[in-house]
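This report describes the fold, the sheet and selected surface features of one protein chain. The sequence and the structure are shown first.

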Amino acid sequence: MAVLLHRLGRSAYRRRKLVLGIWLFVLAALIACVSIFSGKLDDRFSVPGTESQRALDSLSKTLPEASGASAQIVFTAPRGHQVTEAPYSAVIARTVAQAKKAPQVGEVVDPSASGAVSADRTTAILQVQYPEQNAQVHTSSVDVIENAAKAAEQDGLKTSVGGSVYSSKGVHVGPSEIIGIAVALLVLVVTFGSLLAAGMALLPALIGVAVGLTGLLALAPAVSISSTAVTLALMLGLAVGIDYVLFILSRHRQQLARGTEPMEVPASQTPAQVGRVGLEPTADGL
């Protein structure tokens, strides 16, 4: 395997423009496939064979209106008051009626009926159950629940909304990922003392992650792919890609400093020994 990898590396170096062009072509082709076919990711989560999954499957058959996503509205009375007082209980009752009108809602459980009222009567929880899973709940339905909570707050109660319906949906690539890449670039610049070397370490990792992610998304129309798989691929791809490129580039710079030609391995190492570089200490301790 070490000999084959050695030959592959020499061939890639000799035809580096062709190799780069092929990778860019593959990336462009995958992006085109994703944009044309645009398959949907699967946000459902199940673990077949487990007791919890069997319980959920049984619940979906016997009580489908309570087998899907859920939302809660937490009511808190003003200081010195209780949610069971007539004005506030009327507000909660109106909120229950408004929540029942939300699309897709299977059942709304009044706090007084479920007993979800604190011992000091200052807090109550309204439960909203959906027969659909989180991924199938429409934003318009959640908006109705939020608007009902806001109306109750205008009538004197402090409200908060939550529940599984607010859990993450789909792939989210935001400022945190961009900040992470910027920090990685800064660390590489400080480590190598060169923006060019830092870019050489970061760019292959980004290209590899882009090819991996677009390849994964291109399979979405034909294969069920969880949205969490894409998020994990992004995080692991960046971490592992930068780590290995950093190792390879650092060793390559050391070899160049010793006068080794870019296409060659050190004279003291045969192709069969290349596979052991980094696993066994060399004379300089690296």
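## Overall organisation

Among contacts between residues at least 6 apart in sequence, 72% join residues at least 24 apart. The structure is a predicted model, and the values in this report are computed from that model.

The secondary structure comprises ten helices and four strands. Along the sequence, these elements follow the pattern α-α-α-β-α-β-α-β-α-β-α-α-α-α. The protein has 286 residues, of which 26% count as buried. Its accessible surface comes to about 17600 Å², and 64% of this area belongs to carbon and sulfur atoms.

## The four-stranded sheet

The four strands form an open sheet in the order β2-β3-β1-β4, with antiparallel pairing. At its edges lie β2 (107-109) and β4 (158-162), each of which pairs on one side only. On average, neighbouring strands of this sheet are turned by 15° against each other, direction ignored.

Strand β1 is mostly covered, since five of its seven residues are buried; the threshold for that term is under 20% relative accessible area. On one side, β1 is joined to β3 by seven bridges, and the two strands run antiparallel. The pairing of β1 with β4 is likewise antiparallel and extends over five bridges. Thr76 takes part in both pairings: it stands opposite Thr123 in β3, and its bridge partner in β4 is Lys158.

At the β2 edge, β2 pairs with β3 (residues 123-129) in the antiparallel sense over three bridges. Here Val108 stands opposite Val128 in β3.

## Helices lying across the sheet

Two helices are described by their position relative to the strands. Helix α4 (residues 86-100) lies across β1 (70-76), β2 and β3, and runs at about 15° to β3. Helix α6 (residues 139-154) lies across β1, β3 and β4, and its angle to β4 is about 165°. Strands β1 and β3 are thus crossed by α4 and also by α6.

## The salt bridge

How many salt bridges does the structure hold? There is one, formed between Arg94 and Asp155, with the closest N and O atoms 3.1 Å apart. The pair links distant parts of the chain: Arg94 belongs to helix α4, whereas Asp155 lies in the loop between α6 and β4, 61 residues apart.

Are the two partners of this salt bridge buried or partly exposed? Arg94 is partly exposed, because its relative accessible area is 43%. Asp155 also counts as partly exposed, because its relative accessible area is 40%. Both values fall in the interval between the cut-offs for buried, under 20%, and exposed, over 50%.

## A nonpolar surface patch

Leu232, Met235, Leu236, Val240 and Tyr244 together make a nonpolar surface patch of about 520 Å². One of these residues, Leu232, is located in helix α9 (residues 227-257).

Why does Leu232 count as partly exposed? Its relative accessibility is 45%, and it is therefore placed in this class. Membership of a patch requires over 30% relative accessible area, so the value of 45% for Leu232 meets this requirement.

Key:
Residues numbered from 1 in each chain as written. Predicted model: local features only at pLDDT ≥ 70, side-chain atom pairs only at ≥ 80, totals over all residues. Heavy atoms only, no water. Patch = residues over 30% accessible without salt bridge, like charges linked within 9 Å, V, L, I, M, F, W, Y side chains within 5 Å. Areas by Shrake-Rupley, 256 points an atom, 1.4 Å probe, with all protein chains shown as cover. Salt bridge = Lys/Arg side-chain N within 4 Å of Asp/Glu carboxyl O. Buried < 20%, exposed > 50% of the residue type's maximum accessible area, 1.4 Å probe, protein only. Pairing = 2+ DSSP bridges. Axes fitted to C-alpha atoms, helices over the stretch in contact; angles between N-to-C directions. Contact = heavy atoms within 4.5 Å.
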